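Student: I should like to examine how structural labels are justified by computed values. Could we proceed term by term?

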Amino acid sequence: MDYLNHSQLYERAEEILQKKTPKINSLPTEADAIRLIHELEVYQIELELQNEELKLAKLQSEGIAQKYTSLYDFAPIGYFTLSNKGIILEMNLSGAKMLGKTRSALKNTPFYRYIPNEENLVFNLFLEKAFESKTKGGIEIGLLGSGDSPIYTQLTIVVDKGNEDQCLLTVTDITDKQLNLEELKINLEKEIELNQLKSKFISMTSHELRTPLAIILSSADLMKMFSEGVKEEKVKEGLIRQIKKIDIQIGRLNQIISDVVLLEKNNEGKLTFRQMDVDIKSLLLHLALNQFGLDENDSKIQLDLGIEPVFVKSDLTSLSHVFRNLIGNALKYTPVGSPKPILKMIPKEKWVEIQIEDFGIGIPQDEKKFIFDAFFRASNVSNIKGTGLGLSIVKDLVKNLGGKINFSSTEKRGSVFAINLPYERENIAD
């Protein structure tokens, strides 16, 4: 094909213009010429404005393109475009950095080459399933990066709707997360081992302690019998007084051992419960008169238990421990000369409420939130013996029995502990 030169093109254009331009019957006037020139100038300005807008739009589109290119390349996540055979077609800089190679070295290579051999099958099945189902999927897998050890990653695949022979693979480095999980797992295993050792130690120690305590108690009983034969009254009184101290301290040590063992069993979920019909009024009367009584007809506490018996389905041993602890605390923290603590029972529609009110030292306001924590003792009880285990155990036992415990207290005025127990409960410790 022969190309026309400039003069030939001009002549050809003149011919086409003459054919298209209708014949003018009269010459244009000066006004027509002025109007035509004005319109041409307006068109020229419009073209200049359009040209400026096009230049601005081009700059903006280039800026946006650069922005998204930077976001793509420097995103903290690796982006790969793979074929349905797993061949790397495109990738961002972060993805190339994860694999420790340049983009040119990675392009057109199979992605599975950078996966440990033992996980290749997992990845291939993952890729195949993604293309078959056309749905988003994800797995956690190791990748062979530039270091000596694989990096832990989370892979997500989305099949390209515009080209179903390609998919977008996102790679998130979760190495730190995985290492933290492994560290937590190791620490958890160590903690479980330590707890097992602690349980064995508590079980062994409690057994070893109870044996000599039983011998000491038996010896104290023998001393009490022999004291009857002592003729000198002062010596006899002193001996009985010492024997009584031995009995009290042995009882205290046995109670501490029992509390520690009970706390450990509760923490391990090994407490056993025997549900039965319990007469709450009879239980409270027995504790008040037999364990906290001045004599068989008088008690160290005031009783307001009503006339009729009240039955609940619960565990007798656990309830005995709960009320024994709360009554004991009320007496222990009430100074000599103060009014007796009050033990009150209030039957409700679905539960019975038992209140233990004392007029003792109370609990400091800013320490109330810690009162049920194991081993916590308030700052105003430093001169009173105790371990800080009692209320923690009481709270757990009440909860296991399906009940609730709450309290109110004012320092130097006393405390009220209230326990609500349901009449019926299908299964204890649910």
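Tutor: Let us begin with burial in this predicted model. The buried residues of α7 are K236, G238, I243, I250, I257, D259, V261, L262, L263, E264 and N266.

Student: What makes these residues of α7 count as buried?

Tutor: The cut-off is a relative accessible area under 20%. The listed residues, among them I250 and L262, are classed as buried on that criterion. They pack against α6, α9 (316-332) and α10 (390-400).

Student: Why is D247, in the same helix α7, called partly exposed?

Tutor: Its relative accessibility is 24%. Partly exposed covers the range between under 20% and over 50%, so D247 at 24% belongs to that class.

Student: How do you know that D247 and K224 form a salt bridge?

Tutor: The closest N and O atoms of the two residues are 3.5 Å apart. The cut-off is within 4 Å, and therefore the pair qualifies. D247 lies in helix α7 (residues 233-267) and K224 in helix α6 (residues 175-227), so the salt bridge ties together parts that are 23 residues apart in sequence. K224, at 37% relative accessibility, is likewise partly exposed.

Student: What span should α7 have, and what do its end C-alpha atoms show?

Tutor: With 35 residues at 1.5 Å a residue, α7 should span 51 Å. Its end C-alpha atoms are 51 Å apart, so the two values agree. Just after α7, G269 takes a positive phi of about 70°.

Student: How many salt bridges does a search of the whole structure find?

Tutor: The search finds 4. One of them joins the side chains of K107 and E90, at 3.4 Å from N to O.

Student: Which parts of the chain does the pair of K107 and E90 link?

Tutor: K107 is in the loop between α4 (103-106) and α5 (120-133), whereas E90 is in strand β2 (residues 88-91), 17 residues apart. K107 has a relative accessible area of 37% and E90 one of 41%; both values fall between 20% and 50%, so each residue is partly exposed.

Student: Why is the contact of K313 with D277 called a salt bridge?

Tutor: The closest N and O atoms are 3.1 Å apart, which is within 4 Å, and so the term applies. The pair links strand β10 (residues 311-315), which holds K313, with strand β6 (residues 275-279), which holds D277, 36 residues apart. K313 is partly exposed at 27% relative accessibility, as is D277 at 48%.

Definitions and conventions: Residues are numbered from 1 along each chain as its sequence is written. This is a predicted model: local features need pLDDT of at least 70, side-chain atom pairs count only at pLDDT 80 or more; totals for chains, interfaces and linings use all residues. Side-chain values use heavy atoms; hydrogens and water are left out. Helices (H or I, at least four residues) and strands (E, at least two) are DSSP runs, numbered from the N terminus. Buried means under 20% relative accessible area, exposed over 50%, partly exposed in between (1.4 Å probe, protein chains only). The expected span of a helix is 1.5 Å times one less than its number of residues. Contact means heavy atoms within 4.5 Å.
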